[in-house]
Amino acid sequence: MAMQDATLKSKEELKERLTKPEIISGSEILLRSLLLEGVDCVFGYPGGAVLYIYDAMHGNPDFNHLLTRHEQGAIHAADGYARASGKVGVCIATSGPGATNLVTGIATAYMDSVPLVVITGNVISSLIGSDAFQEADITGITMPITKHSYLVRDVEDLPRIIHEAFHIANTGRKGPVLIDIPKDISAAKTLFKPVTSVNIRGYNPTVSPNKQQVDKLIKAITEAERPLILAGGGVVYSGGHEELFEFVTKSQIPITTTLLGLGAFPSGNDLFLGMPGMHGTYTANKSIQSADLLINIGARFDDRVTGKLDGFAPHAKIVHIDIDPAEIGKNVPTDIPIVGDVKTVLQIVNQGVKRADKADEWRAKLKASCEQYPFSYTDSEVELKPQWVVELIHETTNGDAIVTTDVGQHQMWAAQYYKFNKPRSWVTSGGLGTMGFGFPSAIGAQMANPDRVVVSINGDGGMQMCAQELAICAINNIPVKVAIINNQVLGMVRQWQELIYDNRYSHIDLAGSPDFVKLSEAYGVKAFRATNKEEARVAWAEALSHPGPAVVEFVVRKGENVYPMVAQGSTIDEMIMGDAE
Amino acid sequence: MKKHTIAVIVNDQPGVLQRVSGLFGRRGFNIESITVGSSEEIGLSRMVIVTTGDDHTLEQVTKQLYKLIDVIKVIDLSSNPMVGRELALIKVNAEPGTRPEILGVVETFRAAVVDIGTHSLIVQVVGDTEKIDAMVELLKPYGIRELSRTGVTALNRGNTK
């Protein structure tokens, strides 16, 4: 109790210090404003246009900045931080190349609705437009991939802009907001007046649903014989997982969750069918195709989920709950549109929802189907199988780890074989499919959750796209556990080339990649290699018990494919279930 | 493909035209014409955009526009009675011999001659798109040297807002 009082007191002291009206520079205004927004960790990389900002950080005991080794690492780390915590992730980069190195990360966050505030420096205001050294029109470049952006023209605007940026990033449909600060603005001095309220006329997200539409949903549930819930990332982002659980429990409707929705519902539950889509479960895909009521909760009918649109859920009345009205009807015509925040909507729905009484036969059928068609693979005692490695990681972390992934086959195996039970435990680039995301996002996830086990599952391809961030794990002792599923090939591309391009393997061979153990050790990170089950168990156990960061390279079978698979252009019930005999 | 005229009330901010036109471009929406100017309220501009597409496209255009923070209001003008006008300046060949004929056309259209050169006239015509199209057709035989059209600006009639 005494300690709590002490923390509270120091927090109040900090706030008093930060809000003190003083004449300070734009850079100091930025740092104070970020601290007042509750930012406890910023990822960044200095350069000419942000020198005043970095100068303000010098000797500032309140401000926690982590120096990455590439701006892309900084923004993916900020993204992982945001996804694993629900707080806004923040990163800083300089003008020109610093800013453009953030572009992939901004697009990644935008596609998956992740709240970020991205701060870039720019050249001196009077030089903007003159092709000055390290000048890039970053607000122009990022317009299609940001929720909003600001180019600061007057230091007086800075406190308001920062406060608005945090508000916009983390409300409504969340997303990245960019603040571009010319060098003279970060140098200019003015009286700091903290801004604590927002008034943005053109921005007022609808949170509460239309009651009539909710009533229609409740009625549809009582009439449905084959109802199904499709839950997505919106459940996690709204913090509505408990409401979702209550909704499923009350209605007894079977549920499938999208890739980004994994963890929104406990995977061990009897009504859980697994993930749908291109590499989803047999039962989830089949059930969508035969459902007579499909309740989409916070998912956006991405093409990897729907397969061929013409022929998707052909018998279903479609209900779509989404905070973003533009998603409703965008891809799939909707019968009952419900615009609102998932958590708020479900709270209201839960007051009236009844058990779907006509669906007993359907429930029994789907349960049997789940038992008959689980994800499966042929294990081997000779070679390591990637699916087995994911199962090993799941068992040894009791399903409680935060798992981040890169993109490709290992990502799908992680989604299939790691059984998630808690939200914000799964960090993956779903929409943009960004290679190089897996490892740095784990650093951010760990910074946000110092007490949880964070495992980053990567391929040998993606690991090499941001491997330089091993340095910051070693230097700052960030205890991320990195699994590299090494099949010496760009596996997902190989799989498509095998199945769709007639075994014409073009530029997928990653043999000759560095020795990952030596590479990790060169950065000062403990590392292990495993080529069989026994080595894998031992190496992974050592990595987990090691107090600092650790890398385990699992050398796995090269030709393994992800199944089931729905080929692009097929409806989702046309699944390839395994390798041709 | 239906033609829609929509008004977009936006914050008078640098870059706002880029945000709106960029959205049309990347989402594959067509812009037939776009006009921007001040509105009845200080700090807000009114854009009038003529676009083509089915009702689903119009719905998406509207919803996507509303996602822009700088967009305050989107009005589907053509769903109600509206007045749509554009202005054209037409520089047409006019030797002394053909001038009376051209002036006859101008008068019929209640247009105006706003400049007279030794071999040409500039005709200013205001009206809906069809009227301007007709004027252009009639002046073509004389030889149009240059043509500049503003694109449509519009308001709903009467009490519709």
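**Reading a predicted two-chain model**

Q: Where is the place of Pro564(A)?
A: Pro564(A) sits in the loop of chain A between strand E19 (550–555) and strand E20 (565–566). This is a predicted model, and every feature discussed here should be read with that in mind.

Q: Which residues does the cis peptide bond join, and what is omega?
A: The bond is between Tyr563(A) and Pro564(A), with omega at about -5°.

Q: How should a strand order be read, for instance that of the open sheet containing E15 and E18 of chain A?
A: In general, strands of a sheet pair through backbone hydrogen bonds, either parallel or antiparallel. In the case at hand, six strands of chain A follow the order E15-E14-E16-E17-E19-E18, and their pairing is parallel. Strand E15 (426–427) and strand E18 (526–530) of chain A are the edge strands, each pairing on one side only.

Q: How many bridges join strand E16 to strand E17 of chain A?
A: Strand E16 (residues 454–459) and strand E17 (residues 481–486) of chain A run parallel and are joined by five bridges. Within this pair, Asn458(A) stands opposite Ile484(A) of E17(A).

Q: Which helix lies across strands E14, E15, E16 and E17 of chain A?
A: Helix H19 (residues 438–448) of chain A does so, and its direction makes an angle of about 175° with E16(A).

Q: What is the order of the open sheet of chain A that contains E3 and E6?
A: That sheet has six strands, ordered E3-E2-E4-E5-E7-E6 in chain A, and its pairing is parallel. The edges are strand E3 (65–67) and strand E6 (148–151) of chain A, each with pairing on one side only. From one strand to the next, the twist averages 20°.

Q: How do strand E2 and strand E4 of chain A pair?
A: Strand E2 (residues 42–44) and strand E4 (residues 89–93) of chain A pair in the parallel sense, over two bridges. Gly44(A) has Ile92(A) in E4(A) as its bridge partner. Helix H4 (residues 71–85) of chain A lies across E2, E4 and strand E5 (116–122) of that chain, at about 170° to E4(A).

Q: How is the packing of two helices described, in general terms?
A: Two packed helices are described by the angle between their axes and by the distance between those axes. Helix H13 (residues 282–290) and helix H16 (residues 360–372) of chain A offer an example, packing at about 150° with axes 9 Å apart.

Q: Why are H13(A) and H16(A) described as roughly antiparallel?
A: Angles over 145 degrees count as roughly antiparallel. The angle here is about 150°, and H13(A) and H16(A) are therefore roughly antiparallel to each other. The crossing of H13(A) and H16(A) is right-handed.

Q: Which residues meet where H13(A) packs against H16(A)?
A: From H13(A), Thr283(A), Lys286(A) and Ser287(A) meet Leu366(A), Ser369(A) and Cys370(A) of H16(A). By class, this contact of H13(A) with H16(A) consists of two nonpolar, three polar and one charged residues.

Q: How is a positive phi to be read, as in Phe301(A)?
A: Phe301(A) is not a glycine, yet its phi is positive at about 50°. It belongs to the loop between strand E11 (293–297) and helix H14 (303–306) of chain A. Ala313(A), also a residue other than glycine, has a positive phi near 45°. Ala313(A) lies in the loop of chain A between H14 and strand E12 (317–322).

Q: Is Ala313(A) buried or exposed?
A: A residue is buried if 20 or more other C-beta atoms lie within 10 Å of its own. Ala313(A) has 24 other C-beta atoms within 10 Å and is therefore buried. Phe301(A) likewise counts as buried, with 24 C-beta neighbours inside 10 Å.

Q: Is Gly28(B) buried or exposed?
A: Gly28(B) is exposed, because 9 other C-beta atoms lie within 10 Å, and a residue counts as exposed with 12 or fewer. Its place is the loop between H1 and strand E2 (33–38) of chain B.

Q: How many helices and strands are there in chain B?
A: Chain B has four helices and nine strands. Of its 161 residues, 25% count as buried.

Q: How many residues does the contact take from chain B and from chain A?
A: Chain B contributes 15 residues and chain A contributes 14 residues. On the side of chain B that touches chain A, helix H1 (16–26), helix H2 (55–67) and strand E4 (71–76) of chain B each supply at least two residues. H2(B) gives the most, with five residues. By class, this side of chain B has three nonpolar, six polar and six charged residues.

Note on methods:
Residues numbered from 1 in each chain as written. Chains lettered and ligands numbered in written order. Predicted model: local features only at pLDDT ≥ 70, side-chain atom pairs only at ≥ 80, totals over all residues. Pairing = 2+ DSSP bridges. Contact = placed C-beta atoms within 7 Å. Axes fitted to C-alpha atoms, helices over the stretch in contact; angles between N-to-C directions. Parallel < 35°, antiparallel > 145°, perpendicular 65-115°, else oblique. Left-handed = near helix turned anticlockwise from the far one by under 90°. Nonpolar A, V, L, I, M, F, W, Y, C, P; charged D, E, K, R; others polar.
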